[in-house]
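Grab your viewer and work through these exercises one by one. Try each task before you read its solution.

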Amino acid sequence: MSGRNGGQFTNEVAGDGITVNVVMPGRIHTQRVDELDAAAAKRTDSDVATVAARSRATIPAGRYGKPEEFADVVTFLASARAGYVTGSRIRIDGGAIKGI
């Protein structure tokens with residue numbers, strides 16, 4: 001795909017039954033997010049619960065995503081049922097990135 005526009009590549013391979021989609025996660029509650037919150041708490045001389053609450057408050061859904069929610073979207077996109085979905089960018093971020 002080097003040197004090609006991603007959309008052009010998607011169009012080139014769609015006829016071969018290959019779908020190309022981008023999944024963009026937000027703050028999915030994983031061990032890494034806990035580590036980032038702990039590091040931020042240490043940097044700001046605060047407690048982890050306060051840092052996590054402030055972080056969740058910036059997300060319109062008011063919470064971190066669950067790993068299962070992310071996995072469900074990816075599983076769908078990898079399934080035959082999503083065979084007509086290609087060239088899409090899907091945010092799994094609770095509304096954190098302003099879109100439509």
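**Getting oriented**

The chain has four helices and two strands, where helices (H or I, at least four residues) and strands (E, at least two) are DSSP runs numbered from the N terminus. This is a predicted model, in which local features need pLDDT of at least 70, side-chain atom pairs count only at pLDDT 80 or more, and totals for chains, interfaces and linings use all residues. Residues are numbered from 1 along each chain as its sequence is written, and side-chain values use heavy atoms, with hydrogens and water left out.

**Exercise 1: overall shape**

Work out the order of the elements and how spread out the chain is.

Step 1. Starting at the N terminus, you should read α-β-α-α-α-β.
Step 2. The radius of gyration is 17 Å, well over the 13 Å of the globule rule for 100 residues, so the chain is more spread out than a compact globule. Here the radius is taken over C-alpha atoms, and the rule is 2.2 Å times the number of residues to the power 0.38.
Step 3. Along the principal axes, the C-alpha atoms fill a box of roughly 55 × 30 × 25 Å.
Step 4. Of the 100 residues, 17% are buried (under 20% relative accessible area; exposed is over 50%, partly exposed in between, with a 1.4 Å probe and protein chains only).

**Exercise 2: confidence**

Find which elements have the lowest and the highest mean pLDDT.

Step 1. pLDDT is the predictor's confidence in each residue, from 0 to 100; the chain averages 91, and 92% of the residues score at least 70.
Step 2. Helix H1 (residues 6-14) comes out lowest with a mean of 78, while helix H4 (residues 67-77) is highest with 98.

**Exercise 3: an aspartate in a helix**

Decide whether aspartate 37 is buried or exposed, then list what it touches.

Step 1. Locate aspartate 37 in helix H2 (residues 31-43).
Step 2. Its relative accessible area is 3%, so aspartate 37 is buried.
Step 3. Its side chain makes a polar contact with the side chain of arginine 27 at 2.8 Å. Such a contact is a pair of N or O atoms within 3.5 Å; within protein, one must be able to donate a hydrogen and the other to accept it, and residues adjacent in sequence count only if both atoms are side-chain atoms.
Step 4. Skipping residues up to four places away in sequence, aspartate 37 touches Arg27, Val48, Val51, Ala52, Ser55 and Tyr64 (contact means heavy atoms within 4.5 Å).
Step 5. Now look at tyrosine 64: the charged end of arginine 56 sits over its ring, 5.9 Å from the centre. The criterion is NZ of Lys or CZ of Arg within 6 Å of the ring centre and within 35 degrees of the ring normal.

**Exercise 4: three loop residues**

Compare the settings of isoleucine 28, aspartate 45 and threonine 58.

Step 1. Isoleucine 28, in the loop between strand S1 (22-25) and H2, has 9% relative accessibility, so it counts as buried. Its C-alpha lies 5.6 Å from that of lysine 66, 38 residues apart along the chain.
Step 2. Aspartate 45 is in the loop between H2 and helix H3 (48-57). At 75% relative accessibility it counts as exposed, and its phi is near 55°, a positive value in a residue other than glycine.
Step 3. Threonine 58 sits in the loop between H3 and H4 and is exposed at 57%. Its side chain reaches the backbone oxygen of serine 55 at 2.6 Å.
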